[in-house]
Amino acid sequence: MNEDLSTARQWLARIAALPLREPVKVMNVCGGHERSLAMLGLRAVLPDMVKLIPGPGCPVCVCPEEDLADAIGLALSGQATLAAFGDMLRVPINAPKGEIRSLAEARAAGADIQPVSSPQEVLALAKAAPDRPVVFFAAGFETTTAPVAAMLAQSVPENLSVLLAARLTWPAVDMLLNTDATALDALIAPGHVAAVMGAREWGFIPETYHLPVAVAGFSGNSLLAALYSVLRQKLENRPFLDNCYAELVQPEGNPRAKALLAEVMQVEDATWRGIGTIPASGFALRGAWRRFDARARFNLAALPRRHAGGMPPGCDCAAVVLGRKQPDQCRLYGRACTPRAPVGPCMVSDEGACHIWWQAGLRAAA
Ligand code: SF4
């Protein structure tokens with residue numbers, strides 16, 4: 001990453017000069033932000049009073065276990081080619097030892113599973129084999145769901161359907177703050193989500209909870225600018241919504257992407273793995289687009305499950321996602337659970353805090 005080091009030093013000096021007299025807990029909502037913070041080692045150079053807490057911004061981590069099991073079951077049934085983002089493949093479900101526990105294991109057992117990185121790749125797969133059903137297991141937040149909506153709004157072939165596990169970010173943060181408004185002192189809002197949905201979407205944080213918030217990009221300097229903003233807001237007891245990613249984020253977001261989302265999807269209550277149902281936090285296909293719903297096309301709700309549930313036994317991933325535990329406070333971190341042998345989804349995904357901390361060399365519990 002090309003960082004302007006002298007600017008970074010200036011931000012760090014400004015933060016260090018703030019007269020913080022008690023710990024300030026700042027949640028960085030986005031998994032991408034957590035990756036930048038950890039890889040740049042920023043926690044180590046910030047004042048001790050600043051506590052950065054990873055938040056719920058990992059779509060793979062919160063993808064319902066049942067949806068993953070449906071995807072595995074469908075792929076193993078041989079009825080369709082299953083296309084999924086690469087970091088979903090190793091996420092384990094709660095199946096007994098000896099049974100298939102991930103898409104990767106299903107693929108090794110012969111299931112037709114194709115890792116993809118974009119909806120356009122799925123479209124190409126479906127067009128290349130028009131007689132073969134192709135199901136896109138589309139798990140993600142607003143940033144990945146808007147391109148799925150755009151794909152469906154094109155002329156898509158009838159052999160393509162979507163197993164949607166799409167979530168909205170802000171309702172999870174709202175639920176967190178509503179549950180315990182004292183748990184956090186400030187928040188850094190996700191830049192890419194805000195680029196699609198608009199910075200204004202995060203205005204509820206100062207308006208409803210009287211807490212500082214700043215939208216940040218993924219560079220160290222953007223994150224440090226946002227951190228300085230929220231710390232200063234906190235000190236001055238003057239919370240507002242700051243946009244520290246103005247080069248990409250508009251107050252109202254991307255009108256075209258939002259229009260496509262509104263045309264193809266509706267917002268519903270949705271399950272988050274290990275957390276439960278969060279009101280109005282999931283996307284579902286609406287109206288005429290429901291004919292592309294793989295759940296209806298393949299009667300997926302009828303697939304039998306013996307071990308449906310949340311996180312795997314012993315895994316604190318839900319607490320990590322909610323900012324209630326740090327990865328190294330999980331007793332499995334670095335022991336039974338590593339990127340080579342992940343127990344929970346937070347150790348699989350590039351946006352999972354456990355995976356990021358391990359990759360960044362944080363080995364406290366090993
Ligand atoms: Fe779950 Fe592994 Fe993270 Fe523990 S270290 S919370 S088991 S993913």
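**Exercise 1. Place the ligand and describe its surroundings.**

Step 1. The ligand sits in the largest cavity. A cavity is a set of points, on a 1 Å grid over the protein atoms alone, where a 1.4 Å probe fits but cannot get out. To sit there, a molecule needs more than half of its atoms within 2 Å of the grid points.

The model is predicted: local features need pLDDT of at least 70, side-chain atom pairs count only at pLDDT 80 or more, and totals for chains, interfaces and linings use all residues. Residues are numbered from 1 along each chain as its sequence is written, and side-chain values use heavy atoms, with hydrogens and water left out.

Step 2. List the neighbours, meaning residues with a heavy atom within 4 Å of the molecule. Among them are the cysteines Cys315, Cys317, Cys330, Cys337, Cys346 and Cys354. Asp316, Leu332, Tyr333, Val343, Gly344 and Met347 are also around the ligand.

Step 3. Sort them by class. Ala, Val, Leu, Ile, Met, Phe, Trp, Tyr, Cys and Pro count as nonpolar, Asp, Glu, Lys and Arg as charged, and the others, Gly among them, as polar. The shell divides into 10 nonpolar residues, one polar and one charged.

**Exercise 2. Lay out the open sheet of four strands.**

Step 1. Fix the terms. Strands (E, at least two residues) and helices (H or I, at least four) are DSSP runs, numbered from the N terminus. Two strands pair if DSSP finds at least two bridges between them.

Step 2. Read the order: E4-E3-E5-E6, with parallel pairing. Strands E4 (113-116) and E6 (160-166) each have a single partner strand, so one side of each is left without a neighbour in the sheet.

Step 3. Check the twist. Neighbouring strands are turned by 20° against each other on average, direction ignored. The axes are lines fitted to C-alpha atoms, and angles run from 0 to 180 degrees between N-to-C directions.

Step 4. Inspect one pair. Four bridges join strand E3 (residues 81-85) to E4. Leucine 82 stands opposite isoleucine 113 in E4.

**Exercise 3. Do likewise for the open sheet of five strands.**

Step 1. The order is E2-E1-E7-E8-E9, and the pairing is parallel. Strand E2 (50-57) and strand E9 (241-243) are the edge strands, pairing on one side only.

Step 2. Here the average turn between neighbouring strands is 25°, direction ignored.

Step 3. Strand E1 (residues 24-30) is joined to strand E7 (residues 186-190) by three bridges. Valine 26 has alanine 186 as its bridge partner in E7.

**Exercise 4. Trace the hairpin of E10 and E11.**

Step 1. Strand E10 (residues 265-272) and strand E11 (residues 276-285) run antiparallel, joined by seven bridges. Glutamine 266 has alanine 284 as its bridge partner in E11.

Step 2. Three residues lie between the strands, and glycine 274 takes a positive phi near 75°.

**Exercise 5. Examine positive phi outside glycine.**

Step 1. Recall the background: most residues other than glycine have a negative phi.

Step 2. Histidine 210 has a positive phi near 55°. This histidine 210 is in the loop between helix H11 (204-209) and strand E8 (213-216).

Step 3. Asparagine 299 has a positive phi of about 50°. Its loop runs between helix H14 (294-297) and helix H15 (317-321).

Definitions and conventions: 1 Å grid on protein atoms, 1.4 Å probe; cavity = no way out; pocket = protein on both sides within 12 Å on 5 of 7 lines; lining within 4 Å.
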